[in-house]
Amino acid sequence: MAPVPNTPSSVLGVTPFMIVQRIFTVLTVGLVIGAVTAIAAIAFVEAVLWLNDLLLVSSYAKVQSGLSPMVLLAITLGVPMCGGALVSFIVFRLAPIHRPAGPADAIRAVQLQTSMPDTRSGLLVTLGALGSLGVGASVGQYGPMVFFGAVIGGLVEKLKLAVPNINAIAIACGVAAAISAAFNAPIAGLVFAHEAILRHYSMQAFAPVTIASTVGYVVANVLFERAPVFVVQTGVSLHVPEFAIFALMGLLSGVVSIVYMRTLLAGARIGGRIALPPEARGAMAGLAVGLCALWLPEITGLGQYTLRFATIQGAFGASEMAMILVGKIVLTAICLGMGFVGGVFSPALIVGSMLGGLVWTGLTALGMEGLAAFPVYVICAMMAVTSPVIGAPLTAILIVFELTRSYELAIASMVVVVFSNVVAFRFFGRSLFDRQLFLRGCDLSQGRAEAQLSVLAVRDYAVAEAPIFDVSLDQAAVRTALDAHGWSEGYAIDATGVFRGYLRIIDLGEGSSAPVSDILRPAQLMFDADTSVRDAMRLLKDFVGDAIPIVDRDSQHLVGVVTEAAIVRAYLDIVAKLRNEEHAGL
């Protein structure tokens, strides 16, 4: 009998002491992970800035160096080339996963309830991201910070804490703290963890993630007094007709966001097809960075100065904004596709800021008057381009509100962001991260249950004592065995284990010495050894029978037999587990 709702916990085997212990454990996890992740995020940013100065990547460091133009030219080209080769060696040779990693890995670990990449891979990939940003590659810093926060949270799995869902909660805590510390935006960090990583709002997760995000903000903003990414102090005066312009700009932002994401994916495909060692590809990407640093330095590196100038009217001309927009997309695709490691959030911010500036400049050139201030368009487009990339529209709106403290600006950004996400979702998908996971065989578009069922193989649910017989046996012997098993069907294999067909007990002659090969039937349905439970559920739609044979595609050997009931139970178990997780309390 199912437990009655609101049944006392002690009746269900959970004592009040256990509840208190779980609450203390979960909240402590949020507190510790929040503090550790915030410190790590700050250290990461400071290390990048230190490397930029040490390697003469920043313009200020070059001016202060006093070196000759030829030496500076050699450094500008040589540093990113050597850095690209070194980063590729670290990530593709030394890291056990042999690939870059990022927020998509955190989403996969939480949604499929699996582990994060191993600690060594996490550290080496983060080191690769540090090196990429340190030599001026056009990649983002927030993706690596989010990933490393998730890696820190993933370490909780090793503690074997007796708390349901603690691993997913700990990963979300690390992600929330990283966003909070990076943007000085604790509410945005909290919402991003739930919106993009957990994708539910259970109280069991909400409380510790809130603590982690708050601690991340306190550490960054109070303890270390970190300045926000950008601060805009301007009076925002909006008029009703202008909201139509914001809606149109949102549609345009969605198109630009799709172009940005598709270009990144194309860069990854092209980079993967280049038959060169990883180090050579990394050096090639580094050369592209160096050449761009000579021609258009605004599209290289972190882009913090580009972002700050982007909100200043007149800092860039229309042609400069167009070049930065296109150049940033292309160079980011080259860097990420050819071996550098980093995020996609920061480049998207720059792309969006240039788009907003171009829209405002174009409208004023057409003679439109009474528009909101230039920074309003820049910030709205910035978030409208970025939010579809990360799949977190609410987070983007909250970042605007927390950084500007402007209710009017948040309302304007809300309109632009929602129209952008409508376009991007319809013609691309939920986010770049979800598309990356799809290309790796993890489809989250149909929900968490479908995704988890897609990684469960039916062979793991095969019946231990299935009635499998040698094709040479006589019918009487097989009938006796089926009676003993209590089955009405049997499955025949030859001496090499190859599946030959199935038989029904009603076709067996009682006491007959005829071989069963005379009455074998071809299977109505067969599963491959790698068939998932999700695919099996769909294939069972018109099936009638006791069980389904599982056959190796190549050898045609019978791997096992699975019943329809076992597949349905697997589905119901996943649905129940997810329901309990999404409604769990402290």
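Q: How many residues lining the largest pocket are nonpolar?
A: In the lining of the largest pocket, 5 residues are charged and 10 are polar. Asp, Glu, Lys and Arg count as charged, Ala, Val, Leu, Ile, Met, Phe, Trp, Tyr, Cys and Pro as nonpolar, and the others, including Gly, as polar. The model is predicted: local features need pLDDT of at least 70 and side-chain atom pairs 80 or more, while totals for chains, interfaces and linings use all residues. The nonpolar residues number 20.

Q: Which helix supplies the largest share of the lining of the largest pocket?
A: Helices α4, α5, α6, α10, α13 and α18 (DSSP runs of H or I, at least four residues, numbered from the N terminus) each supply at least two lining residues. The largest share, 6 residues, comes from α10.

Q: Which residues are closest to the centre of the second largest pocket?
A: Its lining holds 30 residues, of which 16 are nonpolar, 11 polar and 3 charged. Helices α1, α2, α3, α11 and α12 each supply at least two of them. Closest to the centre are Val57, Ser58, Ser59, Pro297 and Tyr305.

Q: Which residue of β3 is the bridge partner of tyrosine 491?
A: Residues are numbered from 1 along each chain, and side-chain values use heavy atoms, without hydrogens or water. Strands β2 (489-493) and β3 (499-504) pair in the antiparallel sense over 5 bridges; a strand is a DSSP run of E of at least two residues, and pairing requires at least two bridges. The partner is tyrosine 502.

Q: Which residue in the turn of the hairpin has a positive phi?
A: The hairpin of β2 and β3 has 5 residues between the strands. The phi of about 90 degrees belongs to glycine 497.

Notes: 1 Å grid on protein atoms, 1.4 Å probe; cavity = no way out; pocket = protein on both sides within 12 Å on 5 of 7 lines; lining within 4 Å.
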